[in-house]
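This report covers salt bridges, one pocket and the cysteines of a single model. The structure comes first, followed by the findings.

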Amino acid sequence: MKRFLSITLAAAFIAGMTGCNQPGLSPVNPPENTAESSEAKGTKTENAETSAEKAEAEKTEFKEMTVIDNESCLIKLTDYRYDELFGCVIGVHVENRTAGSSLMFATEYCGINNIQADPYWASEQPVGASFDDEITVSNERLEEIGVAFDDITDLELNFRVYVSDDYSNTVAKETAHIYPYGKDKATKFTREPQESDEVIFDTPEASMTVISYDHDDFWGYEAKTYLVNKTDHEIMFSVDSASINDVEADPYYAESLAPGMCTFSKIAWDDSVLEKNNITSVDKITLKVTAYDSDDLKSDYFVKEQEVTLDPAPLN
């Protein structure tokens, strides 16, 4: 039952799907590392424009690439750019070539330097339709995962096309990579453990760590997490139950993570939940967490309802 609820919750956030290979782009030098010591931070403003110009000059020119091309459908990536309002923008052209079925074109996940950063893009197209659209990874999401647009060395898009009224009827699926500085310059993100980390679990298959706490005017009180999938299957992470100061307070959390990727996520409690329970200071959080292979629902759990007590920051 818990597993069913986790899947239901995840489905509310993930509009289904999967995706290709890409033509090679000529290699060039990557931009300078933007990570700065505390001493270097003072030069950030005056050097920002120069660094941005240098990064732009070092990038390869984006070339249109075909992701899927068969008798049923077509997907092409037509553009890759930064937009000040929308963030990272990928132009996409799709065609429904079937004789009698509406098709759903969608991304299952997106990876940026191996950090999952889902754009949750989907477009339903009728028979014979040809359509141009844009997939965006917002500035907010780029900030959450700590990657600036000019620091993207590998953008991975996993596409799936299926019959609109039959989710299980897959027409095509492929994965595409955009390498802004050339494939040989692609990098994978790795996070160094911090003394303040609170490890919820760390198994050979996956890990889940609380890295900080915050209060957001929209989301409420947040426990920010870092998730790692060490397998070649999709993993579902969920919070089965939770309490704050020994008062039940369920955040309804479920996060699906693509094979081999990591991501930054957040377990959040709406302010209304805190107010309802007269919680003005978050002194203790208790969670029961589960992680399992969502590609094989009959497999053993990696972690099942493991209980952990966290020492959170004061509620602001």
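A residue counts as buried under 20% relative accessible area, as exposed over 50%, and as partly exposed in between. Asp 214, with a relative accessible area of 30%, is therefore partly exposed. The model is predicted.

**Salt bridges**

The structure holds 12 salt bridges. Three of them are listed here, with the N to O distance of each pair.

| Pair | Closest N and O atoms | Separation along the chain |
|---|---|---|
| Lys 224 and Asp 214 | 3.7 Å | 10 residues |
| Glu 222 and Lys 266 | 3.6 Å | 44 residues |
| Lys 284 and Asp 246 | 2.8 Å | 38 residues |

The bridge between Lys 224 and Asp 214 joins strand E12, which holds Lys 224, to strand E11, which holds Asp 214. Lys 224 has a relative accessible area of 29% and is partly exposed, as Asp 214 is at 30%.

Glu 222 and Lys 266 also pair through their side chains, with Glu 222 in strand E12 and Lys 266 in strand E16. Glu 222 is buried, because its relative accessible area of 2% is under 20%. Lys 266, at 24%, is partly exposed.

In the bridge between Lys 284 and Asp 246, both partners sit in loops: Lys 284 between helix H4 (271–276) and strand E17 (285–293), Asp 246 between strand E13 (235–244) and strand E14 (247–248). Lys 284 is partly exposed at 29%, whereas Asp 246 is exposed at 58%.

Glu 222 and Lys 266 also belong to a network of salt bridges that includes Arg 141 and Glu 144.

**The second largest pocket**

Three residues of that network, Arg 141, Glu 144 and Lys 266, are among those nearest the centre of the second largest pocket, together with Trp 219 and Ser 265. The pocket has a volume of about 1,100 Å³ and a lining of 34 residues. By class, the lining has 15 nonpolar, 7 polar and 12 charged residues.

Several elements supply at least two lining residues each, including helix H1 (2–13), helix H3 (139–145), strand E11 (206–216) and strand E12 (220–229). Strand E16 gives the largest share, 5 residues.

**Cysteines**

A search of the whole structure finds 0 disulfides. For Cys 88, the nearest cysteine sulfur is that of Cys 110, 7.1 Å away. A disulfide needs the two sulfur atoms within 2.5 Å, so Cys 88 is in none. Cys 88 is buried at 0% relative accessibility, and Cys 262 is buried at 3%.

Key. Residues are numbered from 1 along each chain as its sequence is written. This is a predicted model: local features need pLDDT of at least 70, side-chain atom pairs count only at pLDDT 80 or more; totals for chains, interfaces and linings use all residues. Side-chain values use heavy atoms; hydrogens and water are left out. Buried means under 20% relative accessible area, exposed over 50%, partly exposed in between (1.4 Å probe, protein chains only). On a 1 Å grid over the protein atoms alone, a cavity is a set of points where a 1.4 Å probe fits but cannot get out, and a pocket is an open set with protein on both sides within 12 Å along at least five of seven lines; lining residues have an atom within 4 Å of a point. Grid points are joined across faces, edges and corners, and a volume is the space filled by probe spheres set on the points. Helices (H or I, at least four residues) and strands (E, at least two) are DSSP runs, numbered from the N terminus. Ala, Val, Leu, Ile, Met, Phe, Trp, Tyr, Cys and Pro count as nonpolar, Asp, Glu, Lys and Arg as charged, and the others, Gly among them, as polar. A salt bridge is a side-chain nitrogen of Lys or Arg within 4 Å of a carboxyl oxygen of Asp or Glu.
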